[in-house]
Amino acid sequence: MSNRRDFIKGLGITGAMLSIPAVINAEPAVATSEKIDIANITLKGRVLSNGQGVANVAVTDGINIVLTDKGGNYQLLSNKTAQFVYISLPAGYAFPHEKSVAKFFKQIDNKQSVFKADFDLTRLEKEDTNHAFVVWADPQIISKKDAAIMLETSAPDLRDLVASYPAGTLMHGIGCGDLVWDHFELYEDYKQAIGMSGIPFFNLIGNHDMDLDARTDDYSAQTFKKNFGPTYYSFNRGQVHYVVLDDVFFIGTAKRYIGYITETQLQWLEQDLSHVKPGTTVVVSVHIPTNTGVKRRLNNKEDELGGVVSNREQLYKILAPYKVHIMSGHTHMNEKWEDRNMIEHVHGTVCGAWWTGPICSDGAPSGYAVYEVNGGDISWYYKSTGKPKDYQLKIYKKGYLQTAPDEVVANVWNWDSKWTVQWYEDGVLKGNMEQRIDYDPWTIELYKGDQLPKKHKWVDPTLTDHLFFAKPSAGAKKITVTATDRFGKKYSQDLDLV
């Protein structure tokens, strides 16, 4: 008899893509008989700072973009289907926020023929060329119990991380989608969690943030928008241009979706980037990764449905003139890839394996990424919840992984191709460890089998690239693994064999 886990695999759907619970407290997305008003509406106003106009600020209705004039004035002809007028927050100014939810938009009152919206900005007292940001992927809380764990562990960890930086450090957060798990009443808990950090958060829609009763993708983000505003937008800090896109495309009542970026967004992005100098560092945040190594690791002929962005090459063409970092989540594992002018950071999750244990399905600890920006250069590390900053690897004793009975295994979860992973036997350097694709042994113990984990039995271990192997000598007493990241930072861990 086939079980739920086999059924899910047969559909080619990972656990990250499931929409198990019913939608709670969600209003119907749109009345099917309601007539849409496409009459014109004029959007106008000023962008001000200390009473003075701010020039060259991009203002948009999500379709077209205009720049403010030297007096900070803008005027944009739109139509009554537009929901927001919003700005691309300029460098040099504070990020307005309300209890850490970034506020860069105004809800349009489309009962008028002219809608006036002013934006008031506060000039920063210091330069923002150097700053930092964090990426929180997939908090994905389904219950008050999950929310309590997040508020008791993840949120204080982020609060303490922010406090560990020198006073006055400019920092913001990116909530990388699946902020909740279809239970929209839990958005208040998510807001409470990020609010503990004291930093502004820019939020993305994930597949578990969609209105599943919507009749089309166009209306699947209504609840998200009520809580967080537009689903795609941009902002600036220092020399970096940040872009947020909605790549979760809802395809019907079967609770299914694909990774896809609409033509409207791509046209908007072309306009947005036309005001950004080629060669600029651009950080693009999406929920579903534009690409992963899943297809390669599983030897599949095609990408998993809903696992990557189907029209990613069209996005890459638009991004070609820039130095690009792509931020994503969704897969509940840590992974990096580089190609052409891009590096994608696929993040481990705040919730780990859906709040079932302390690690994700690839063995990466539950946590989030921290990025430090110096001009147009970005460095980064992974912050494991409840662990110090230098906790970047875990060594497993010989034989813990059954496929490697004579070897020790090291999981270096933030690894990319520019890291080196070396091992020492009783203080003697033995060289580089061998990288192989396999399952993290602890994930097998925690998650493998139809009865594990008890909370969500469909959770499975996943193959990963960031495992490293070495075969100790028979009489060895101590193994040390040292991993050196692309920035020259070294991390070490010891394993006693006796």
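Here is a short chat about reading cores and strands in this predicted model.

Me: Where do I look for the nonpolar core, and which residues have the most contacts inside it?
Reply: The general idea is that nonpolar side chains tend to be buried together in soluble globular proteins. Here, the largest nonpolar core has 68 residues, and V85, F133 and L245 have the most contacts inside it. Apart from that one lies another core, this time of 58 residues, including M150, A155, I194 and L495.

Me: Say I click on L245. What is it in contact with, leaving aside neighbours within four places in sequence?
Reply: Among its partners are L204, I261, W268, L269, V284, V286 and L315. The list also takes in T231, Y232, Q265 and S285.

Me: Now strands. Are the two faces of β26 buried or exposed?
Reply: Take the strand one side at a time. β26 covers residues 408-411, with V408 and A410 on one side and V409 and N411 on the other. Those four are all buried, so both faces are covered, buried being under 20% relative accessible area.

Me: And which strands pair with β26?
Reply: Look for bridges. Strand β25 (residues 394-396) pairs with β26 in the antiparallel sense over 3 bridges, and strand β30 (residues 464-470) is joined to β26 by 4 bridges, also antiparallel. A410 is a handy residue to follow: it is the bridge partner of I395, and its partner in β30 is F468.

Me: What does UniProt place at residues 344-491?
Reply: An unreviewed UniProt entry gives "domain: Calcineurin-like phosphoesterase C-terminal" there. In the model, that span is 5% helix and 39% strand, and its end C-alpha atoms lie 23 Å apart.

Terms used:
Residues are numbered from 1 along each chain as its sequence is written. This is a predicted model: local features need pLDDT of at least 70, side-chain atom pairs count only at pLDDT 80 or more; totals for chains, interfaces and linings use all residues. Side-chain values use heavy atoms; hydrogens and water are left out. A nonpolar core is a set of buried Ala, Val, Leu, Ile, Met, Phe, Trp, Tyr and Cys residues joined through side-chain atoms within 4.5 Å. Buried means under 20% relative accessible area, exposed over 50%, partly exposed in between (1.4 Å probe, protein chains only). Contact means heavy atoms within 4.5 Å. Two strands pair if DSSP finds at least two bridges between them. UniProt positions are given in the numbering used here, feature names are shortened, and annotations may be inferred rather than shown by experiment.
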